[in-house]
Amino acid sequence: MSLDEYRRKRDPRRTPEPVPDTDPQASDPGHRFVIQEHHARRLHWDVRLERDGVLASWAVPKGLPTEPETIRLAVRTEDHPIEYLEFSGEIPAGEYGGGAMTIWDTGTYETEKWNPREVIVRLRGARASGRFVFIRTDRKGGKDNWLLRRSDPAPGREPLPHDALPMLATPGPLPRPGDGPERWWQIGFGGRRVILRVDGGRMTITDGDGEELSVPRLRELGPSLGATQVLLDGELVGPTDKAELWIGDLLHLDGRDTCPLPFRERRALLERLPLDGRHWKLAPVFHGGGAEVLAAAGQQGLPGVVGKDADSAYEPGRRSEHWLEVATEVAGGAPSRQQSPKPGPGRAAAGVGRARLTNPDKVIYPLTGTTKSDVLAHYMAVADVMLPHLRDRAVTLVRWPDGVEKSSFFEKDVSRHAPEWIRTARVGTPGGRSESADFPLIDDVEGLAWAANLAALELHVPQWRIGPRGGHQPPDLVVFDLDPGEGTTVVDCARVAERIAERLSDDDLAAYPRTSGGKGMQLYVPVTVTRAEQTSEFAKALAEELARETPGRVTAVMAKARRRGKVFVDWSQNNPHKTTIASYSLRGRARPTVATPVTWEEVRACRRPEDLVFTAADLPARIAEHGDLLAPLFTERKRLPRRA
């Protein structure tokens, strides 16, 4: 069998795919198969069957059908080499088939019929198991089109419904503590209830009347779930062209009707799905504490909360007493502020404790209309997880007093205007205007509110802390600051981050990723050292090692001319006199983006720059779901080894 067409489409110098120099010799028909999930220009699945020394291949846009009545398009593509049975990886953008490819299933198969018009096989894999029929239809537009159907029922699977409607809550007052069943309280955002049906990486959205909606901002939700079949209950907030989706319940999952399950079990299944996108999140849920959750919703200008009986089933299209809808205006005796609900905190009060907020309505981010009050609201929303990262670290403020479209300035010395209750530390500033400066130490919510009032959007900190007597302690963190050069993005940074994490694991060190809130990202490693220079030495050695191995992708040199097309691994941020943006800090960009801790799953899944961009609106839900992903930085410090 010839692989000429396969080789013609690929440059072995530019793709990690196997590209044999010669054609295979004649052999037995073979009996192995592989199905690869391929996130190319459009998501599809590649079905490859071993045949005469090559892999006969079909691209199936919606994946293998799971029910006999479902018929799918399959496009015959060029034969692939046998080595492709084990291939997975990232095909570079611009190359044929550019995108991420992973092995979805593999196994063996039996042939019942194989001729130019019809192929019938029985697959025996972990996920794909059954009798499948390929029937050739035509060759239009240069494509060799086939129809693919499953001819036997999949045991234990129920078909994915097409016409479900949302379950509705019963309005009522907040129950007294101890009255009624155990309830889990879910925030309501005043949007439209919708049902989302995802099958074969394609999604349809219908409203409470069953009418289909077009929501362009959510188009990537379907592909992000891959082959997962799912039916979701959500709340669509804002106008269609700027909609945000909060996902609150699960009706069906991979052939299983989940409606009869208790809400607590449905929620657990929901939390295992990859449902954390730029414009879609899981709606926050709190076990108990209805009065506190309702009060918080009211403070954020949101319309109410829904108390879900933890043991209740999902009743599609019905209004049920198992779900209790409590309005904030009922709890507070007066209507809540009417504002466009959005993920994230609402407006904050005019101050916190001794810190007063002047000009609360001053717009700091003109593009989004974010005010100084909103800035304070963000810092109050993240205070519990942010303050441990600031505590005892000398803070450098970056202030935008006239908003992000005007000029900003760094401020280290606050001795002339800081109130007496702001703790400060005198720290040396080599190369600065003076030999030392009084840096603020922000260790409580009043300190955060004081910074917000100064329009100090960015808070930068070093990798060391101030000791009990005012001296420098040794660094307790190593940071790898990954900065994408011209022609690269945070997607390239994510790939480099994975490599760094692998090298660190060889030294029994764990790395914790975080977005910068700008173009790049950082990795943090909790360590113990005896010399301040150790962290820079270690980071530099590793950065230079990566640059030597892949000089076309990584550089350890700061010069911008050397960064084009590469990721700069900035090891110099470990210098005791340098700082990095603090976790959960806002950034002075056009939008209120935030330096946000992320999971390694999010790093590995990053395929577009927007996958790792989070704004202040995204943080409350992330914190409710993950807590502080960087909390191990305080408890898992290990001795930093010497790197050869």
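Trainee: How do strand β11 and strand β20 pair, and over how many bridges?

Mentor: In this predicted model, β11 (residues 183–188) and β20 (residues 304–309) run antiparallel and share six bridges. One residue pair is Gln186 with its bridge partner Val306 in β20.

Trainee: Which helix packs on the sheet?

Mentor: Helix α3 (residues 263–271) does, touching β11, β19, β20 and β21 (319–327). The direction of α3 makes about 55° with that of β11.

Trainee: What is the strand order in that open sheet?

Mentor: The five strands follow the order β10-β21-β20-β11-β19, and the pairing is mixed. β10 (168–171) and β19 (285–287) stand at the edges with a single partner strand each, so one side of each has no neighbour in the sheet.

Trainee: Turning to charges, how many salt bridges are there?

Mentor: The count comes to 55. In one of them, the side chains of Glu78 and Lys9 meet at 3.2 Å, N to O. Glu78 lies in strand β4 (residues 71–81) and Lys9 in the loop between α1 (4–8) and β1 (32–39), so the pair ties together parts 69 residues apart in sequence.

Trainee: Is Glu78 buried or exposed?

Mentor: Glu78 counts as buried, at 8% relative accessibility, whereas Lys9 is partly exposed at 25%.

Trainee: And the nonpolar side: which residues touch the most other members of the largest core?

Mentor: Among its 76 residues, they are Leu390, Leu459, Phe480, Leu482 and Ile500. A second, separate core has 24 residues, including Val194 and Leu225.

How values were computed:
Residues are numbered from 1 along each chain as its sequence is written. This is a predicted model: local features need pLDDT of at least 70, side-chain atom pairs count only at pLDDT 80 or more; totals for chains, interfaces and linings use all residues. Side-chain values use heavy atoms; hydrogens and water are left out. A nonpolar core is a set of buried Ala, Val, Leu, Ile, Met, Phe, Trp, Tyr and Cys residues joined through side-chain atoms within 4.5 Å. Buried means under 20% relative accessible area, exposed over 50%, partly exposed in between (1.4 Å probe, protein chains only). Two strands pair if DSSP finds at least two bridges between them. Helices (H or I, at least four residues) and strands (E, at least two) are DSSP runs, numbered from the N terminus. Contact means heavy atoms within 4.5 Å. Axes are lines fitted to C-alpha atoms, for helices over the stretch in contact, and angles run from 0 to 180 degrees between N-to-C directions. A salt bridge is a side-chain nitrogen of Lys or Arg within 4 Å of a carboxyl oxygen of Asp or Glu.
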